[in-house]
Amino acid sequence: MKIGIDIDNVISNFNDTIVEAYLQHDKQLRNTGIINDKAKVFRRGMFDWSEEEEKDFYYSNIEKWANDFKPIKDAEYYIKKLKQDGNEIYIITGRDNGEYSNPYNMTVNWLKENNIYYDKLFLVDAYDSHSKTKICLKYNIDIMIEDSIETCINLINEGIETYTMNTRFNQNDLPLNRVSTWKEIYYK
């Protein structure tokens with residue numbers, strides 16, 4: 001079986017790291033904390049920062065954060081186990097989006113440093129919700145593990161079995177095949 005796996009919020013602790021950094025920075029700015037825990041778009045609208053303050057902070061730090069992300073519990077173990085079971089592992093990440101100076105090398109280094117096995121790596125534009133679907137269709141990916149609701153819907157609409165990794169920012173009432181841990185992913 002060919003298994004596609006996103007990185008941020010699926011293998012790495014993207015949201016947790018960034019929210020923690022935002023909370024620390026907010027203490028220096030206004031010390032008001034999260035004012036909107038239900039913001040429609042992660043980061044934007046969560047704090048009482050101007051759009052310019054938020055963008056400046058994010059774009060000034062995203063590359064440093066991406067290098068410091070930690071793997072989600074058991075990701076390394078279960079990805080290796082999936083490979084040992086005879087599956088092909090395709091990492092499909094939205095890191096080719098203009099936010100990083102050298103996204104491919106940064107990603108390869110992060111995967112290596114964190115012992116994350118993969119057969120093929122694809123970087124696509126995270127702001128194009130169809131980009132991962134196109135890769136999955138082109139390479140006949142059987143299952144995709146993803147956290148973006150919009151991307152999950154596109155994958156499902158194209159007939160690709162999709163597991164939606166739960167995050168605090170992707171909750172809704174859609175009937176998605178949700179997962180919360182790597183152990184759960186493996187046994188599904």
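# Exercises on a predicted model

In this predicted model, lysine 2 stands opposite glutamate 88 in strand E2. The exercises below begin with that strand and then turn to a helix, to aromatic rings and to individual residues.

## Exercise 1. The strands

Determine the order of the strands in the sheet and identify the edge strands.

*Solution.*

Step 1. Begin at E2, which comprises residues 88–93. Strand E1, residues 2–5, pairs with E2 in the parallel sense over 4 bridges. Lysine 2 and glutamate 88 face each other across these two strands.

Step 2. Take the pairing of E2 with strand E3, residues 120–123. These strands also run parallel and are joined by 4 bridges. Within this pairing, isoleucine 91 has leucine 121 of E3 as its bridge partner. Between E2 and E3 the chain passes through helix H4, residues 103–113, and the resulting β-α-β crossover is right-handed.

Step 3. Return to E1 and follow its pairing with strand E4, residues 143–146. This pairing is parallel and has 3 bridges. Here isoleucine 3 stands opposite isoleucine 143 of E4.

Step 4. Assemble the sheet. It is open, has 6 strands and follows the order E3-E2-E1-E4-E5-E6, with parallel pairing. The edges are E3 and strand E6 (178–179), each of which pairs on one side only.

Step 5. Consider the burial of E2. Of its 6 residues, 5 are buried, and the strand is therefore described as mostly covered.

## Exercise 2. The buried face of helix H3

Establish which residues of H3 are buried and where they lie around the helix axis.

*Solution.*

Step 1. List the buried residues of H3: Ala75, Tyr78, Ile79 and Leu82.

Step 2. View the helix down its axis. The buried residues fall within an arc of 105°, so they line one face of H3.

Step 3. Identify what this set packs against. The buried residues of H3 pack against E1, E2 and H7.

Step 4. Note what comes after the helix. Glycine 86 follows H3 and has a positive phi, near 100°.

## Exercise 3. Aromatic pairs around tyrosine 78

Classify the ring pairs that tyrosine 78 forms with tyrosine 77 and with tyrosine 186.

*Solution.*

Step 1. Recall the two quantities required. A pair of aromatic rings is described by the distance of the centres and the angle of the planes. The model contains 16 aromatic pairs.

Step 2. Treat tyrosine 77 and tyrosine 78. Their ring centres are 4.7 Å apart and their planes make an angle of 85°. Angles over 60 degrees count as edge-to-face, and the pair is edge-to-face.

Step 3. Treat tyrosine 78 and tyrosine 186. The distance between centres is 5.4 Å and the angle between planes is 35°, which makes this pair tilted.

Step 4. Locate the second pair in the chain. Tyrosine 78 belongs to helix H3 (residues 75–84) and tyrosine 186 to helix H7 (residues 182–187), so the pair ties together parts that are 108 residues apart in sequence.

Step 5. Examine the accessibility of each ring's residue. Tyrosine 78 is buried at 8% relative accessibility, and tyrosine 186 is buried at 18%. Tyrosine 77, with a relative accessible area of 47%, is partly exposed.

## Exercise 4. Further rings, and the setting of glutamate 54

Describe the aromatic cluster, the charge over a ring and the contacts of glutamate 54.

*Solution.*

Step 1. Follow the ring pairs. They link Tyr22, Phe47, Trp49, Phe57, Tyr58, Tyr59 and Trp65 into a cluster.

Step 2. Turn to tyrosine 163. Over its ring sits the charged end of lysine 188, 5.9 Å from the ring centre.

Step 3. Place glutamate 54. This residue lies in helix H2, residues 51–68. Its relative accessible area is 4%, so glutamate 54 is buried.

Step 4. List its contacts. With neighbours within four places in sequence left aside, glutamate 54 is in contact with Tyr22, Arg43, Arg44 and Trp49. Tyr22 and Trp49 are also among the residues of the aromatic cluster.

## Exercise 5. Asparagines with positive phi

Are asparagine 31 and asparagine 115 exposed or partly exposed, and where do they lie?

*Solution.*

Step 1. Asparagine 31 is not a glycine, yet has a positive phi of about 60°. Asparagine 31 is found in the loop between helix H1 (14–29) and H2. Its relative accessibility is 54%, so asparagine 31 counts as exposed.

Step 2. Asparagine 115, likewise not a glycine, has a positive phi of about 55°. Asparagine 115 is placed in the loop between H4 and E3. At 43% relative accessibility, asparagine 115 counts as partly exposed.

Definitions and conventions. Residues are numbered from 1 along each chain as its sequence is written. This is a predicted model: local features need pLDDT of at least 70, side-chain atom pairs count only at pLDDT 80 or more; totals for chains, interfaces and linings use all residues. Side-chain values use heavy atoms; hydrogens and water are left out. Rings of Phe, Tyr and Trp (its six-membered ring) pair if their centres lie within 6.5 Å; planes under 30 degrees apart count as stacked, over 60 as edge-to-face and the rest as tilted. Buried means under 20% relative accessible area, exposed over 50%, partly exposed in between (1.4 Å probe, protein chains only). A charge sits over a ring if NZ of Lys or CZ of Arg is within 6 Å of the ring centre and within 35 degrees of the ring normal. Two strands pair if DSSP finds at least two bridges between them. A crossover is right-handed if, with the strands pointing away from the viewer, the path from the first strand over the helix to the second runs clockwise. Contact means heavy atoms within 4.5 Å. The arc is that of the directions from the helix axis to the C-beta atoms.
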